[in-house]
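Visitor: I'm new to reading protein models, and a whole chain is a lot to take in. Please pick one part, show it to me close up, and tell me how it fits with the rest.

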Amino acid sequence: MGEIVESVRRVSDLIGEITASTTEQRDGIGQVNQAVANLDQMTQQNAALVEQASAAAASMSEQAQRLAQVVSVFNVGAYASQAAAPARSNARPAHAPAPRPVAAKPAHKPLPKPATKAAPAPAATRIAAPAKPATPAADKDDWESF
């Protein structure tokens, strides 16, 4: 009889351990389910954000095309090529006056000749060379249609 009682206690202890393990598993599965639900929610939010970003990119593309169309009516002609000239390494002496913009001169008057080059200034005081003024022949194409 004592052995039977001892066996029943062992079975009862094992059932208690199984119950505790089952409770831990249930809690763990609940946590995994919560994590999966959070991941699903974040995935849906990311998808919505990607959709918004895509719509914004399409809108910006359309606006860029409209801007390009609006800006295309402007004709900068030879002046645009002169604007790139300061990138050259020609140096203007620091004491030489800055040239006047081409647009400030009437088209019928000849433009003054650029100042002759002096010895290059030391590297610390060099200033980028101004754009060469357009010649009167080039002025025929610029802005005379007004």
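Guide: Let's start with a term: a helix here is a DSSP run of H or I at least four residues long, and helices are numbered from the N terminus. Keep in mind that this is a predicted model. Our part is helix H1, which covers residues 2–71.

Begin with two side chains in that helix, arginine 9 and glutamate 6. They meet in a salt bridge, with 3.8 Å from N to O. That fits the cut-off, because a salt bridge needs a Lys or Arg side-chain nitrogen within 4 Å of an Asp or Glu carboxyl oxygen. As for how the two are placed, they sit three residues apart in helix H1, so about one helical turn separates them. Arginine 9 has a relative accessibility of 52%, and it counts as exposed because the cut-off for that word is over 50%. Glutamate 6, at 38%, is partly exposed. So this bridge pairs an exposed arginine 9 with a partly exposed glutamate 6.

There are two salt bridges in the structure. In the other pair, aspartate 27 meets arginine 26, side chain to side chain, at 3.6 Å from N to O. Here arginine 26 is exposed, at 55% relative accessibility, while aspartate 27 is partly exposed, at 41%.

Now look at leucine 67, which also belongs to helix H1. Its relative accessible area is 53%, so leucine 67 is exposed too. Leu67 joins Val70, Val71, Val73 and Phe74 in a nonpolar surface patch, and together they have about 520 Å² of accessible area.

Finally, step back to the whole chain. The protein chain has three helices and two strands, and along the sequence they run α-α-β-β-α. Only residues under 20% relative accessible area are called buried, and these make up 8% of the 146 residues. The chain exposes about 12,300 Å², with 61% of that supplied by carbon and sulfur atoms. As for who touches whom, take the contacts between residues at least 6 apart in sequence: 82% of them join residues at least 24 apart.

Notes:
Residues numbered from 1 in each chain as written. Predicted model: local features only at pLDDT ≥ 70, side-chain atom pairs only at ≥ 80, totals over all residues. Heavy atoms only, no water. Buried < 20%, exposed > 50% of the residue type's maximum accessible area, 1.4 Å probe, protein only. Contact = heavy atoms within 4.5 Å. Areas by Shrake-Rupley, 256 points an atom, 1.4 Å probe, with all protein chains shown as cover. Patch = residues over 30% accessible without salt bridge, like charges linked within 9 Å, V, L, I, M, F, W, Y side chains within 5 Å.
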